[in-house]
Structures are given as C-alpha cells and as structure tokens.
Amino acid sequence: MRYFKKTFLFAFILSIIIFLPFQRVLVIEDAKTNKLLAYLPLHRNKDTFEISYTHSIHLSNVVETYTVLKDGTIRQIELTYEDTAIGMPSNAEKGEIFKLEDGKYHLLNMRRDMPSIYMRTAQVVGTHRIISNNHELDLAEVIPPGSLILLTEQRLALWELWKGVNIVGRST
C-alpha cells in the first residue's frame with residue numbers, strides 16, 4: 001500500500017510538471033490547423049522580437065519591432081525601412097517619431113496593439129525572419145513558403161515545448 005501511494009504521488013507530480021502550462025512564449029502556429037510550428041521563449045523585460053523581411057514590391061529590407069505586454073498583447077513599437085512608396089508610411093501618427101538616418105526611415109514610439117499577428121510567409125521574394133536576443137530563425141526552415149501563420153502569446157506545458165522548434169537554441 002505504501003509503495004502504491006509513493007508511485008501515485010510520483011506519477012501525479014510528474015504529470016503536473018509535464019502537462020501544466022508554465023512557460024510564456026510567442027507561439028508561431030499554422031493558422032489553418034493550429035499546429036505548433038515554432039516558439040520564442042519570453043522573459044520579463046526582454047519580451048521584444050523583430051520580424052525582418054524583403055518588401056515584395058520595393059525589394060528592400062523591412063524590420064518591424066514588437067514587444068509582448070504582460071497581458072499577452074503584442075505591441076508594434078518600431079518600424080525601419082528604406083522606401084516610402086507603396087505600402088509604407090511616409091509620416092508618423094500622433095505621438096510617433098519619423099526620422100531618416102543612414103538612408104533608412106525609422107518610425108519610433110509606436111503603440112500599435114494587437115492580440116495576435118496573422119502573416120503569410122514569403123513565397124517568391126526574400127524570406128521572413130524572426131529575431132530575438134541575437135537569435136534568428138528563417139521561417140522557411142520550419143514553415144513552407146506561402147503559409148499563413150499566426151503569432152500569439154501563450155503559456156505552454158513541457159510536452160508542448162518538446163513538439164515545436166525553439167527559436168532560441170533551435171531545439172528543445
């Protein structure tokens with residue numbers, strides 16, 4: 001009887017460790033199937049990431065900088081690009097700063113909040129990359145070109161972390 005109690009307690013604690021969502025992450029999932037494709041661990045005060053891509057019309061580099069707020073809201077805080085033509089802002093909105101520096105346009109102090117980001121990955125021109133804390137993931141490495149993906153903040157359990165690709169370190 002004593003052996004059974006210890007075994008049950010051990011199994012119960014192990015189950016909690018494996019199945020209780022504890023790690024706060026930015027999840028990248030297939031928007032059609034909700035399959036976990038990759039994730040970026042989030043940590044307090046370091047919850048920023050960049051999405052870098054080649055603009056399909058201008059063929060120039062664009063970098064969008066985001067932060068993830070404590071409530072899970074994704075906030076765009078900065079935009080850096082080289083052309084103000086089609087699809088790119090040519091001025092700042094109220095409270096933002098628009099400047100030209102070293103041949104690049106910078107839109108700073110942005111506070112554009114969203115619960116999630118839907119994004120179609122590059123199919124023909126360039127690639128989409130997610131960058132955080134000096135780690136970079138070319139999305140083409142884990143996602144077929146032209147895929148519709150969804151980025152959201154979630155808490156994942158250990159078993160879910162084992163299923164996806166950790167952007168920081170590339171393996172779980």
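**Entry 1: N109**

I opened with N109, which is partly exposed at a relative accessible area of 44%. I keep in mind that this is a predicted model. Partly exposed is the right label because 44% falls between the cut-offs of 20% and 50%. I then looked up where N109 belongs, and found the loop between strand 7 and strand 8 (112–114). Its backbone caught my eye too: phi of N109 is near 60°, a positive value in a residue other than glycine.

**Entry 2: D102**

Next I went to D102, in the loop between strand 6 (97–101) and strand 7. Here phi is near 55°, again positive in a residue that is not glycine. Is D102 buried or exposed? I read a relative accessible area of 77% for D102, so it counts as exposed.

**Entry 3: H106**

From the loops I moved into strand 7 (residues 104–108), where H106 has its place. H106 is buried, with a relative accessible area of 13%; the cut-off for that is under 20%. Which side chain makes a polar contact with the side chain of H106? I found T80, at 3.2 Å. I also listed what H106 touches, skipping residues up to four places away in sequence: E78, L79 and T80, then I97, F98, K99 and E101. T80 is thus on my page both as a polar partner and in the list of residues touched.

**Entry 4: S60**

I turned to S60, which sits in the loop between strand 3 (48–54) and strand 4 (61–68). Its relative accessibility is 7%, so S60 counts as buried although it is a loop residue. What does the side chain of S60 pair with? I noted a polar contact with the side chain of D83, at 3.0 Å. With neighbours within four places in sequence left aside, S60 is in contact with Y53, T54, H55, E82 and D83.

**Entry 5: I13 and the nonpolar patch**

My last stop was helix 1 (residues 2–19), which holds I13. At 42% relative accessibility, I13 counts as partly exposed. I13 is one of the residues making a nonpolar surface patch of about 980 Å². I wrote down the other members as well: M1, F4, F8, L9, F12, I16, I17 and L20.

**Page summary**

I jotted down two buried residues with polar side-chain contacts: H106 with T80, and S60 with D83. I also have two positive phi values to look back at, in D102 and N109.

Conventions: Residues numbered from 1 in each chain as written. Predicted model: local features only at pLDDT ≥ 70, side-chain atom pairs only at ≥ 80, totals over all residues. Heavy atoms only, no water. Helix = DSSP H or I, 4+ residues; strand = E, 2+ residues; numbered from the N terminus. Buried < 20%, exposed > 50% of the residue type's maximum accessible area, 1.4 Å probe, protein only. Polar contact = N/O pair within 3.5 Å; in protein donor to acceptor, adjacent residues only side chain to side chain. Contact = heavy atoms within 4.5 Å. Patch = residues over 30% accessible without salt bridge, like charges linked within 9 Å, V, L, I, M, F, W, Y side chains within 5 Å. Areas by Shrake-Rupley, 256 points an atom, 1.4 Å probe, with all protein chains shown as cover. Salt bridge = Lys/Arg side-chain N within 4 Å of Asp/Glu carboxyl O.
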